[in-house]
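User: Hello! I am new to this assembly and would like to understand how its chains fit together. Could you walk me through it?

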Amino acid sequence: MTRFMKKSSNKSGLPPGSLIHIGEKKTDKSTITIFDYDKDVLEEKTIDNISECVNLKKTPTVSWINITGLHDISVIEKIGQIFEIHPLVLEDILYTDQRPKYDEFDKYIFIVLKMLRYDEKTEQIITEQISVILTENYVISFQEMEGDVFNPIRDRIRGGKGRIRKLGTDYLTYSLIDAIVDNYFLILEKVGEKIEELEEEVISNPRPEIVQTIHRLKREMLFLRKSVWPLREVINNLQKNESKLIKKTTIIFLRDIYDHTIQVMDTVETYRDMISGLLDIYMSSISNKMNEVMKVLTIFAAIFIPLTFIAGIYGMNFDYMPELSIPWAYPLVWAIFIGIGLTLFGYFKHKKWV
Amino acid sequence: MTRFMKKSSNKSGLPPGSLIHIGEKKTDKSTITIFDYDKDVLEEKTIDNISECVNLKKTPTVSWINITGLHDISVIEKIGQIFEIHPLVLEDILYTDQRPKYDEFDKYIFIVLKMLRYDEKTEQIITEQISVILTENYVISFQEMEGDVFNPIRDRIRGGKGRIRKLGTDYLTYSLIDAIVDNYFLILEKVGEKIEELEEEVISNPRPEIVQTIHRLKREMLFLRKSVWPLREVINNLQKNESKLIKKTTIIFLRDIYDHTIQVMDTVETYRDMISGLLDIYMSSISNKMNEVMKVLTIFAAIFIPLTFIAGIYGMNFDYMPELSIPWAYPLVWAIFIGIGLTLFGYFKHKKWV
Amino acid sequence: MTRFMKKSSNKSGLPPGSLIHIGEKKTDKSTITIFDYDKDVLEEKTIDNISECVNLKKTPTVSWINITGLHDISVIEKIGQIFEIHPLVLEDILYTDQRPKYDEFDKYIFIVLKMLRYDEKTEQIITEQISVILTENYVISFQEMEGDVFNPIRDRIRGGKGRIRKLGTDYLTYSLIDAIVDNYFLILEKVGEKIEELEEEVISNPRPEIVQTIHRLKREMLFLRKSVWPLREVINNLQKNESKLIKKTTIIFLRDIYDHTIQVMDTVETYRDMISGLLDIYMSSISNKMNEVMKVLTIFAAIFIPLTFIAGIYGMNFDYMPELSIPWAYPLVWAIFIGIGLTLFGYFKHKKWV
Amino acid sequence: MTRFMKKSSNKSGLPPGSLIHIGEKKTDKSTITIFDYDKDVLEEKTIDNISECVNLKKTPTVSWINITGLHDISVIEKIGQIFEIHPLVLEDILYTDQRPKYDEFDKYIFIVLKMLRYDEKTEQIITEQISVILTENYVISFQEMEGDVFNPIRDRIRGGKGRIRKLGTDYLTYSLIDAIVDNYFLILEKVGEKIEELEEEVISNPRPEIVQTIHRLKREMLFLRKSVWPLREVINNLQKNESKLIKKTTIIFLRDIYDHTIQVMDTVETYRDMISGLLDIYMSSISNKMNEVMKVLTIFAAIFIPLTFIAGIYGMNFDYMPELSIPWAYPLVWAIFIGIGLTLFGYFKHKKWV
Amino acid sequence: MTRFMKKSSNKSGLPPGSLIHIGEKKTDKSTITIFDYDKDVLEEKTIDNISECVNLKKTPTVSWINITGLHDISVIEKIGQIFEIHPLVLEDILYTDQRPKYDEFDKYIFIVLKMLRYDEKTEQIITEQISVILTENYVISFQEMEGDVFNPIRDRIRGGKGRIRKLGTDYLTYSLIDAIVDNYFLILEKVGEKIEELEEEVISNPRPEIVQTIHRLKREMLFLRKSVWPLREVINNLQKNESKLIKKTTIIFLRDIYDHTIQVMDTVETYRDMISGLLDIYMSSISNKMNEVMKVLTIFAAIFIPLTFIAGIYGMNFDYMPELSIPWAYPLVWAIFIGIGLTLFGYFKHKKWV
């Protein structure tokens with residue numbers, strides 16, 4: 001649950017624009033990698049000191065500055081100074097409990113995205129905040145820890161084939177978003193498999209723990225929806241933005257991601273419906289089990305309690321009980337026992353309780 | 001469930017516009033059939049090599065190029081080259097897990113539709129993606145496998161009667177959509193019959209498996225809704241589009257399909273409500289069964305347990321039990337047995353438990 | 001249920017505009033009645049041949065042509081030819097599974113409405129499609145079978161008093177819609193009474209069949225909503241239409257029906273809420289019944305099983321059981337029986353189970 | 001329930017604008033009271049004949065004509081003639097089953113409101129329709145029976161202090177609406193107290209009748225919502241209306257009522273949620289009770305049935321039962337009885353069933 | 001519950017603009033503190049007589065007048081006179097049951113906010129109304145009692161560092177809202193922890209009281225939502241307002257709070273879903289418990305009732321019962337007892353009931 005409400009207590013009371021990183025420290029050292037390219041040239045390097053980026057600010061080539069690790073606030077601050085970023089944007093980059101958002105400023109567009117990861121061990125969806133600043137000739141991306149879904153993009157830039165090297169920062173930004181959204185499908189596939197498993201289990205073996213699993217899955221879906229839902233609006237804003245940062249040719253591609261986002265949301269909603277359905281199946285399984293238990297009890301009780309009563313009658317010690325001395329009385333009582341037993345059994349058979 | 005989330009894992013990481021067919025290979029060979037007609041002339045042929053279509057691009061006659069089977073990517077690529085289709089469109093054609101969509105380009109309109117089929121054996125609704133590219137003088141349609149709902153249209157073109165031969169590509173496209181939507185009604189009819197059957201069964205014989213069937217039906221409705229819901233917007237966009245590809249006379253026809261789509265959605269929603277209702281009926285049936293079982297148990301136990309106790313009393317071996325030696329004591333005890341039994345039975349009768 | 005999805009299978013595959021009547025043949029013969037009137041003159045006649053209407057097309061008087069019975073397609077076709085109606089409109093008139101709709105054409109407005117009837121025997125709401133074509137000097141109305149809610153309008157026309165004779169086709173059309181909507185209130189009243197009855201029954205005698213009745217009523221409400229909901233939009237469109245067919249003075253009257261329609265929808269929604277509430281009451285009644293049964297069982301079992309055990313003890317045949325020979329042991333055991341019985345009874349009384 | 005659907009059957013079939021009062025006759029005689037005032041002068045009188053109002057129509061003073069009792073249709077008709085009111089408005093005034101509505105005409109604004117009253121005896125909310133006609137120099141208000149919430153307004157007019165005497169008909173109308181809306185808060189307070197009571201009761205003593213009370217309360221909320229919801233739109237329309245009847249200074253006051261209306265709706269929705277919650281609590285209370293009953297049964301049965309069996313063993317009459325002749329066998333059996341009894345009791349204690 | 005509907009009865013009937021404080025008297029004395037500052041100068045004082053503020057009205061410095069305690073109506077009235085505030089605004093300030101609202105007047109903006117506090121003892125969220133009047137050179141804030149979340153702002157003003165001293169009244173107002181919204185996160189964190197606790201408890205120990213706790217938590221969420229939801233609109237209005245009171249630089253900050261508000265709402269909705277889920281878990285826990293109880297009962301009854309019957313048979317006193325004299329009959333019966341017992345036990349084991 002804490003995932004829904006990260007410790008933000010240490011933040012409240014501070015003036016707006018205060019830079020505090022609220023997430024856990026997820027990586028040891030901030031690393032800064034730079035891809036600086038145009039159609040013909042590519043320079044890729046990892047730098048230690050953010051000041052080395054200053055010159056990139058003005059070159060007409062596309063520069064992709066990727067910062068991994070947010071705990072070193074001085075790096076973020078320096079970037080803010082170099083690239084003239086609004087303090088609230090810096091605050092948002094560090095405050096990793098943000099919803100996906102789109103903010104348009106005079107000279108740049110600021111986007112917050114959620115990169116997802118499925119932790120097989122805890123069966124939880126883990127979220128990582130990716131913040132992107134897009135200007136005319138550079139893209140700065142921030143991620144909380146190492147490991148991302150951008151390697152295919154890096155390979156494509158290195159390869160130099162395809163569109164990416166020929167197009168500008170807007171296409172690069174699109175590629176980043178696209179990689180993140182494509183990854184959602186992988187997550188959904190995993191969740192889908194999990195639901196399928198649960199579905200079989202809830203029917204074959206409705207253990208009480210299943211309710212918790214269903215509940216947990218429901219929460220994962222809430223979590224996923226929270227991460228994906230605002231993305232729609234982000235992409236919508238990108239498509240409709242009036243600055244010249246997004247070129248017309250890129251908008252067609254954005255329309256494509258928009259469709260994908262809708263599809264992700266659709267699937268999330270469908271999964272939510274399915275998971276709710278699982279609970280219905282579980283509850284009816286439980287009712288059925290209870291019914292079965294009750295039937296067993298009723299059959300045993302209804303057959304043997306009357307018989308015991310009859311046996312009890314002839315266990316009475318009255319002096320005058322004429323039946324007791326009749327030789328065929330005992331066999332007759334047996335016959336009555338069997339007769340009553342079979343009759344009742346037949347009755348329950350008829351009622352389809354057996 | 002996999003129907004909701006087809007394996008798209010092998011796709012993620014590829015650059016946008018990569019052509020990979022994600023569906024199963026549903027047919028062996030791609031076949032290309034062409035209808036080239038105007039008011040007076042009709043040519044119908046099946047070709048092997050897509051290059052033969054090149055000249056159709058410029059003739060003023062209406063050309064309907066129908067491609068069946070999507071696994072042969074080279075065919076799709078060549079079509080892309082010949083007809084200058086945007087790579088993302090080609091990607092969408094192959095990625096058969098698309099929602100119905102409408103995309104307008106400079107020279108053509110791209111539509112994705114879902115053709116449905118009801119598989120009697122698995123009682124599932126099977127979906128097939130139909131993509132349509134509409135330009136001023138040709139319509140290209142793509143389908144995943146052989147067999148479609150377009151034969152009546154083919155017959156009408158061949159017959160040469162009616163409007164279709166006199167009107168343009170927009171009317172042909174309308175006809176394709178209309179055939180698909182008309183088919184939805186057939187599917188809904190089948191589902192309606194299924195619900196009707198279930199309704200009788202859930203009352204007469206509420207087996208536990210019924211919950212699964214209800215659940216499955218619910219999922220089919222989710223699936224159906226997912227296929228139909230975006231269609232509304234597709235048709236709306238077609239009606240309101242500003243290119244000259246859709247003529248005013250065709251818009252009246254589109255309005256008609258729009259109405260049909262709304263009607264399909266209405267029915268889907270109604271069915272969803274009904275199916276939810278089935279679950280209520282089932283749960284209350286189960287409760288009633290349980291009540292009945294409990295009543296049988298209670299009646300047997302409440303009547304015979306006290307009687308057994310009385311019999312037990314006179315089975316005690318105390319030396320001094322004056323009743324034991326009274327001759328009419330035994331008959332009296334019988335009278336008491338019968339008296340108590342009838343009284344309790346009457347009580348339960350009065351309570352309407354019997 | 002078939003009411004939600006009439007057999008439309010025989011229609012699919014036909015070219016749009018094909019005239020097929022999908023409803024049951026509800027009347028034997030199509031009858032055509034004509035009211036031709038203005039402020040001063042009234043002619044009322046029943047004709048056999050639709051061709052007799054031709055001249056009405058041009059006279060400035062208001063002509064109301066009412067066609068009862070839709071199975072005679074030739075009549076519909078001829079009307080189409082005489083009055084130049086679009087084939088899709090004719091198709092809609094015959095396809096009686098339409099939702100209420102409003103279509104505006106160059107020279108006429110086409111409206112589809114649903115006239116309701118409450119069948120006391122099956123306790124079902126029966127729907128009949130009324131299609132109306134409104135032009136400047138004539139109104140053509142189509143109904144599926146004989147018997148309608150328009151007699152008061154006919155009387156008002158005949159009487160010549162009131163507004164109707166002085167006003168045009170738009171007021172006549174308004175009057176038709178008004179009569180239909182007024183009738184909805186009668187239907188709702190019947191349903192309201194039915195709900196009231198059910199409410200008493202569900203409390204006093206919660207039979208299992210009641211769930212079905214509740215379910216059926218719920219479905220009637222779904223059905224009603226489906227018929228009324230789109231009407232709002234129809235009237236809205238009529239009010240806002242830009243053709244000169246609807247005069248400003250009539251719009252005030254349309255606003256009034258709009259209010260009524262909202263009120264009908266409100267009541268339908270309220271009824272739906274109430275019906276859902278009935279299910280809650282039913283389920284809790286069932287739980288209460290079960291509780292009561294369980295209490296009876298528990299009281300009997302908990303009192304007599306221990307007593308039977310004590311009786312069993314002194315029924316044992318051990319040689320050495322000193323209590324057996326004590327003279328006051330038997331009365332003491334009786335005292336114990338009564339003591340335990342009363343104590344337990346008191347305990348259950350205290351727990352308010354008795 | 002009839003409150004949701006008053007007998008309107010006697011109305012259907014009549015021409016629009018027919019004057020029929022559908023409510024019960026709630027008062028014996030129509031009384032007409034008039035307040036005619038401006039900043040300096042006040043005349044208050046009760047008149048018998050509506051014709052005496054004719055001259056008020058033209059005087060520049062604010063005239064508030066209040067008609068109590070709607071059964072005397074001739075009065076309403078005369079008012080219609082004198083003040084030139086549209087017949088549909090007169091119809092709406094008499095048809096007291098109206099939703100709150102706002103209608104703007106050339107020379108006047110017509111408003112329908114719902115005045116509420118909480119009947120302590122039946123614990124029902126009773127509704128009374130207040131219709132108001134607002135023109136530049138007079139306000140006509142219609143109420144169904146005597147007794148209203150307007151006395152404070154009358155006192156303020158008489159007192160001559162405050163704004164009311166200085167401002168026009170729009171402020172008077174605002175005051176009337178404000179008095180009605182203020183009254184809603186009183187009703188809500190009563191309902192709130194009722195819910196509070198129920199909440200305690202449902203926990204301490206979940207009697208079956210409580211479900212009905214919950215259900216009834218739910219219905220009251222549906223009823224209240226139906227009366228209040230459309231009010232929002234009425235006030236909105238008043239604020240935005242373009243006639244000069246509403247002055248700018250009054251709009252600030254209307255904004256205030258708008259806020260109150262929203263607050264009323266908010267509270268109604270909150271109450272609805274709470275009432276639904278009560279049902280959940282009730283159902284879980286019932287389940288808990290059932291659990292408790294089952295536990296008592298199980299404990300008694302599980303302890304004494306095995307013991308009875310053991311007693312039964314030594315009640316058998318086999319010739320050769322060596323234990324029977326052992327002197328310490330009987331005490332041993334007692335020890336076993338007690339041992340088993342305590343063990344099982346301990347087991348249930350451990351399970352927290354006792 | 002009274003929190004949802006404070007005693008407003010004593011208010012109804014009064015003329016609009018009447019000043020009555022409806023909340024409880026939460027503090028003894030009204031205190032007025034003033035911060036009067038610009039970039040260079042800061043004056044901070046606590047005054048007794050509101051008249052001392054008069055001169056602040058005109059100075060160009062930013063003046064923050066904070067009034068604590070609303071029961072002294074004369075203070076509020078004087079403020080109204082001095083600063084020319086509309087009577088309805090004064091009424092709203094005192095009527096502390098207001099929803100968050102935004103009202104724009106010619107010379108000032110009026111905002112109502114809700115400051116929250118989590119009372120650890122009663123586990124309730126307590127609300128306090130903060131009203132803010134914003135003009136070009138002063139901000140007046142009203143709070144119900146002492147103690148607020150504004151101390152960090154006061155410190156920042158005193159410190160003179162950061163933006164606040166350099167910017168105007170709009171930034172001060174923003175800071176107040178920001179402090180309040182930041183505080184919501186703290187409340188949500190507390191609620192989140194509470195839900196986490198409950199979640200563990202509902203699984204490990206589903207006591208009946210838990211339903212009440214769940215219910216109470218649900219109500220807290222309703223309460224929270226009611227306080228937060230309208231805030232969105234307030235901030236939206238501030239952002240879009242057309243007066244010059246809000247400068248463009250401040251709007252970026254407002255956009256930030258807007259995002260926070262959305263995030264609060266998101267979390268509230270997520271919590272609501274989770275709390276509903278808790279109820280599902282509870283209900284299924286209860287069902288499971290019941291199942292367990294039933295199984296114990298059934299196992300005991302089903303094993304020992306048949307055995308008791310067999311023992312009963314050989315307790316019968318028939319003269320002719322040949323088995324009784326067979327020496328190995330008694331051991332054989334024991335064998336049968338054990339055999340049947342083990343068989344049934346094995347059967348239940350197989351059914352996984354043990």
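User: How far apart do the closest C-alpha atoms of chain A and chain C lie?

Analyst: Happy to help! This is a predicted model, in which local features need pLDDT of at least 70 and side-chain atom pairs count only at pLDDT 80 or more, while totals for chains, interfaces and linings use all residues. Residues are numbered from 1 along each chain as its sequence is written, chains are lettered from A and ligands numbered from 1 in the order in which they are written, and side-chain values use heavy atoms, with hydrogens and water left out. Contact here means heavy atoms within 4.5 Å. No contact joins chain A and chain C, and their closest C-alpha atoms lie apart by 9 Å.

User: What is the distance between the nearest C-alpha atoms of chain B and chain D?

Analyst: Chain B and chain D do not touch either. Their nearest C-alpha atoms are separated by 9 Å.

User: Which kind of axis relates chain B and chain A?

Analyst: Two copies of a chain are related by a rotation about an axis and a shift along it. Here a rotation of 72° with 0.0 Å of shift superposes chain B on chain A at an RMSD of 0.1 Å, using least squares on the C-alpha atoms of residues with pLDDT of at least 70 in both. That is the relation of a five-fold axis.

User: Which residue of chain B comes closest to that rotation axis?

Analyst: The distance is taken at the C-alpha, and the closest approach is 4.5 Å. The residue of chain B that makes this approach is Gly315(B).

User: How much area do chain B and chain A bury between them?

Analyst: In this interface, 66 residues of chain B are in contact with 66 residues of chain A. Buried area is the accessible area (1.4 Å probe) that two parts lose on being put together, summed over both. Carbon and sulfur atoms account for 65% of it, and the total is about 5800 Å².

User: Which residue of chain A forms a salt bridge with Lys101(B)?

Analyst: A salt bridge is a side-chain nitrogen of Lys or Arg within 4 Å of a carboxyl oxygen of Asp or Glu. Eight of them are found across the interface of chain B and chain A. In the one formed by Lys101(B), the closest N and O atoms are 2.6 Å apart, and the partner is Asp259(A).

User: Which element gives the largest share of the side of chain B that touches chain A?

Analyst: Helices (H or I, at least four residues) and strands (E, at least two) are DSSP runs, numbered from the N terminus. Elements of chain B that each supply at least two residues to this side are α2 (87–94), β4 (101–104), α5 (209–240), α6 (248–313) and α7 (329–350). The largest share, 19 residues, comes from α6(B).

User: And which residue of chain B meets Arg219(C) in a salt bridge?

Analyst: Chain B also borders chain C, with 66 residues of chain B in contact with 68 residues of chain C. The rule finds eight salt bridges across this interface. One of them has an N to O distance of 2.6 Å and pairs Arg219(C) with Glu199(B).

User: How many residues does α6(B) give to the side of chain B that touches chain C?

Analyst: Elements giving two or more residues to this side are α3 (151–159), α4 (169–204), α6 and α7 of chain B. Among these, α6(B) gives the most, with 35 residues.

User: Why do chain B and chain C meet through different surfaces?

Analyst: The answer lies in how little the two sets of interface residues overlap. The copies meet through different surfaces because the share of interface residues of chain B that are also interface residues in chain C is only 18%.
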